Structures are given as structure tokens and as C-alpha cells.
Amino acid sequence: MTGAPSIPADDDVLLRATDVTKHFALRRHGLGPRPIVQAVDAVSLEVRRGETLGVVGESGCGKSTLGRCLTRLIDVTSGHIELAGREITTLSRRQLRPVRRDVQMVFQDPYASLNPRRRVGEIVGEPLLIQKQDRIAVRKRVAELLDLVGLSAAHTDRYPHEFSGGQRQRIGIARALAMGPSLVVADEPVSALDVSIQAQVLNLFADLQDELGLTYVFIAHDLGVVNHVSDRIAVMYLGSIVEVSSADDLYVAPAHPYTEALLSAAPEIDDGQDTGPRRERIVLTGDVPTPLDKPTGCAFHTRCPYRQDRCVTERPQLRVLGPGREVACHFPRITESPG
Ligand code: SF4
């Protein structure tokens, strides 16, 4: 999944998000206004056909909410999402039906996302049966899908509890592929799996992309995992993107202090390749802010080891650092892209 050009050509863009914002209003306690969680704050990104865009950040940074916005599982508060040049932000439920065929999600917990009372054949074939496809054709297609993800037709009549975590995620992937989507948004798809199984499932994602020409948005908290699968990476902090880069550049020379800290803490994926010497671990201190009450200026200033006075008052905007590379920091760790 690596090696693709880092700047999407315009007509190659499958998904474009512009200023996507998602706020949640919480229950009011006493008098006063309802507290607002600013889960996603004016995120803009593009995903080119056939590439993998990784989205990485700590738990609570808004990356899963962003994934649900991009797939229209939830409505955005403001902003625009285009799929293959078509605005999908304002489509009604009925108008969204063809979009749902084209955009699918794979979820974190393969057990929770599979109905334990249904057989694998029913789970994988359900999207096809909803489309009123013939049962014999569905059974044949389910067998193909199971084969595609490294399972077999012999598994069709079994229940989810009869499978390992890695196999259950394969079932989830087969279901996501049933309708032949062009875009798959995978939300922490390996974080519930043993480390020994993670590389196998990541390799499956790569093989499926090669075979089916899929486009991925790959969401995870672990930069090691995201770097392993992505062509480009967007780093999120408190609802905003703070750095976008090709995976290679980001790995060699992170520009944002938060990316640098994430990278220093990322475990390696054991795929047998030499990844060079380990980095010095950067331990972030200071309070982790809440999206209910974001810090002034740079949202990362309460934890940033390089903070200066300007950071406390002035919010840094994403700015171009080099080809395909943007960073939101007044004092980035590098001043130009290594590429
Ligand atoms: Fe750190 Fe300042 Fe950059 Fe924010 S703007 S990441 S506080 S150096």
C-alpha cells in the first residue's frame, strides 16, 4: 500500500471532506447552556482512488467520529463531503442507499459487530439479501467472499463464537465487501487483536486492495499500525488535523511535536522487515485536555515540550511545509519536507 504519489491529482480524488465539523450537545446540568463536545473541528482532507489514508490520534481525538461522518453513518454539524465528485452531505436516507453500497465500514471489535445469533453465511450475505438478491446467488457470493478473506465455504453455517478474533475480523471484512464498495473506512480494525494476528489482518487489507482496487481510510490510535498500511497519514489532535504527510516522510521526519511523540511511542509491527534503530521515547506531560473545553491557542500547548508564549494565544493553522505535507504548528520540528 505504499509508494503512491503523496499529492492526489484532482480527478483522482474519490473522497473529499471540506471543513467537516461535528459537535455533540450534552445533557444540561442545572441552569446554563448545554455543554458542547467539539468532536471534529473543521477537518478537510482528500482520499485518492486506490490509496490508503491513515488517520491517527489518541483515544477521544475525534477520529472515529470523523470516520462515521465520512460514511454518513452520522450527520455532520457543518461542512461538506463529496464522493466521486458528488456532494453526499445533504442526501436523504433514500438518496443515500447507492452511497451505502459504495462506502462501507469495518469496525474495531469484530465480536461486537457480528450478531452472535446468526450464522456466518447470514451475516456476510445480509447486505445482499436486503437488496433482494436470489438466495442461491447469495450463498455462492458468500462462499466467494469467505474465500477472498482467507476463510472457506465450510465456515458458512458456523456462529461467530466458533472463530478466533482474527477470523471474526475476516468475517467483518467479508461482510463489508459484499456489496462491492470502492471505499472502506476501517475504524481501529486490528486494535482488539493479538499482536501476532495484527500483521496477518493488515496484510489481508493490503492484498484485498491490490486485488479489488479498494480505497481505504484506515483509522487507528497506533502510529506503528497506521504507518505500516498507509500511503499518506493525517494526524488528529482534539478534533483537528495537525499534520498531513506521506507515510514515508512522516516516519523519517515528523514535523509536529505531537506526531513526534506518537512515533516515539509506537510499537513496531513484526512483519520480518528491519525498521532500523528504536527512537528515543518522548513522554508527554501535562493535562490531556477535553474537547468540552479546548485550550486557547494551540490545542496541544498544555503538553508540548516546545511550547512558546505565542502557542498559548495564537491557534496555528495547517500550512504547507513541502509537497504533500502540511503542519499546524508555529515551530515545527522540521522546516521543509525531507522528500
Ligand atoms: Fe507545540 Fe507551539 Fe507547535 Fe503547538 S504551536 S505544537 S505548542 S510548538
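In this predicted model, Glu243 sits across from Val327 of strand E12. That pairing belongs to the contact between E10 and E12 (residues 325–327), an antiparallel match held by two bridges. Strand E10 itself covers residues 240–246 and is mostly covered, with seven of its seven residues buried. On its other pairing, E10 runs antiparallel to E9, and six bridges join the two. Ile233 faces Ser245 of E10 across that pairing. E9 and E10 make a hairpin with two residues between them, and Leu238 in the turn takes a positive phi of about 45°.

Zooming out, these strands are part of an open, eight-stranded sheet with mixed pairing, ordered E6-E7-E8-E3-E9-E10-E12-E11. The edges are taken by E6 (103–106) and E11 (319–322); each has a single partner strand, so one side of each goes without a neighbour in the sheet. From one strand to the next, the twist averages 25°. At the E6 edge, the partner is E7 (residues 183–187): the two strands run parallel and are joined by four bridges. Within this pairing, Gln104 lies opposite Val184 in E7.

Two helices can be placed against the sheet here. Helix H1 (residues 63–70) packs on it and touches E3 (52–56), E6, E7, E8 (215–220) and E9 (232–237), with its direction at about 155° to that of E8. Helix H5 (residues 165–177) also packs on the sheet, touching E6 and E7, and its direction makes about 170° with that of E6.

H5 is worth a closer look. How does its length hold up against the expected rise? At 1.5 Å a residue, the 13 residues of H5 should span 18 Å, and the end C-alpha atoms are 19 Å apart, which agrees. As for its surroundings, 10 of the 13 residues are buried, so H5 is largely enclosed by the rest of the structure. The buried set is made up of Gly166, Arg168, Gln169, Arg170, Ile171, Gly172, Ile173, Ala174, Ala176 and Leu177. Those residues pack against E6 and E7 as well as helices H3 (120–130), H4 (135–148) and H6 (195–212).

One member of that buried set, Ile173, turns up again in the nonpolar interior. In soluble globular proteins, nonpolar side chains tend to be buried together. The largest nonpolar core here has 54 residues, and Ile173 and Leu223 touch the most other members of it. Leaving aside residues up to four places away in sequence, Leu223 touches Val56, Ile233, Leu250, Thr259, Leu262, Leu263 and Ala266. A second core, separate from this one, has 33 residues, including Ala17, Cys61, Leu66 and Leu96.

Then there are the aromatics, with a count of five aromatic pairs. In one of them, the rings of Phe205 and Tyr216 have their centres 5.4 Å apart and their planes at 80°, so the pair is edge-to-face. It links distant parts of the chain, since Phe205 is in helix H6 and Tyr216 is in strand E8, 11 residues apart. Both of these residues, Phe205 and Tyr216, are buried. Phe205 also pairs with Phe218: their ring centres are 5.7 Å apart and their planes are at 80°, so this pair is edge-to-face too. Here again distant parts of the chain are linked, with Phe205 in helix H6 and Phe218 in strand E8, 13 residues apart. The relative accessible area of Phe205 is 1%, so Phe205 is buried, and Phe218 counts as buried at 1% relative accessibility. Put together, ring pairs link Phe205, Tyr216 and Phe218 into a cluster.

Finally, a couple of backbone oddities. Asp19, in strand E1 (residues 13–25), has a phi near 50°, a positive value in a residue other than glycine. Glu188 also has a positive phi, near 50°, and is not a glycine either; its place is in the loop between E7 and H6. Buried or partly exposed: where does each of them fall? Asp19 is partly exposed, with a relative accessible area of 42%, whereas Glu188 counts as buried at 8% relative accessibility.

Conventions: Residues are numbered from 1 along each chain as its sequence is written. This is a predicted model: local features need pLDDT of at least 70, side-chain atom pairs count only at pLDDT 80 or more; totals for chains, interfaces and linings use all residues. Side-chain values use heavy atoms; hydrogens and water are left out. Two strands pair if DSSP finds at least two bridges between them. Axes are lines fitted to C-alpha atoms, for helices over the stretch in contact, and angles run from 0 to 180 degrees between N-to-C directions. Contact means heavy atoms within 4.5 Å. The expected span of a helix is 1.5 Å times one less than its number of residues. Buried means under 20% relative accessible area, exposed over 50%, partly exposed in between (1.4 Å probe, protein chains only). A nonpolar core is a set of buried Ala, Val, Leu, Ile, Met, Phe, Trp, Tyr and Cys residues joined through side-chain atoms within 4.5 Å. Rings of Phe, Tyr and Trp (its six-membered ring) pair if their centres lie within 6.5 Å; planes under 30 degrees apart count as stacked, over 60 as edge-to-face and the rest as tilted.
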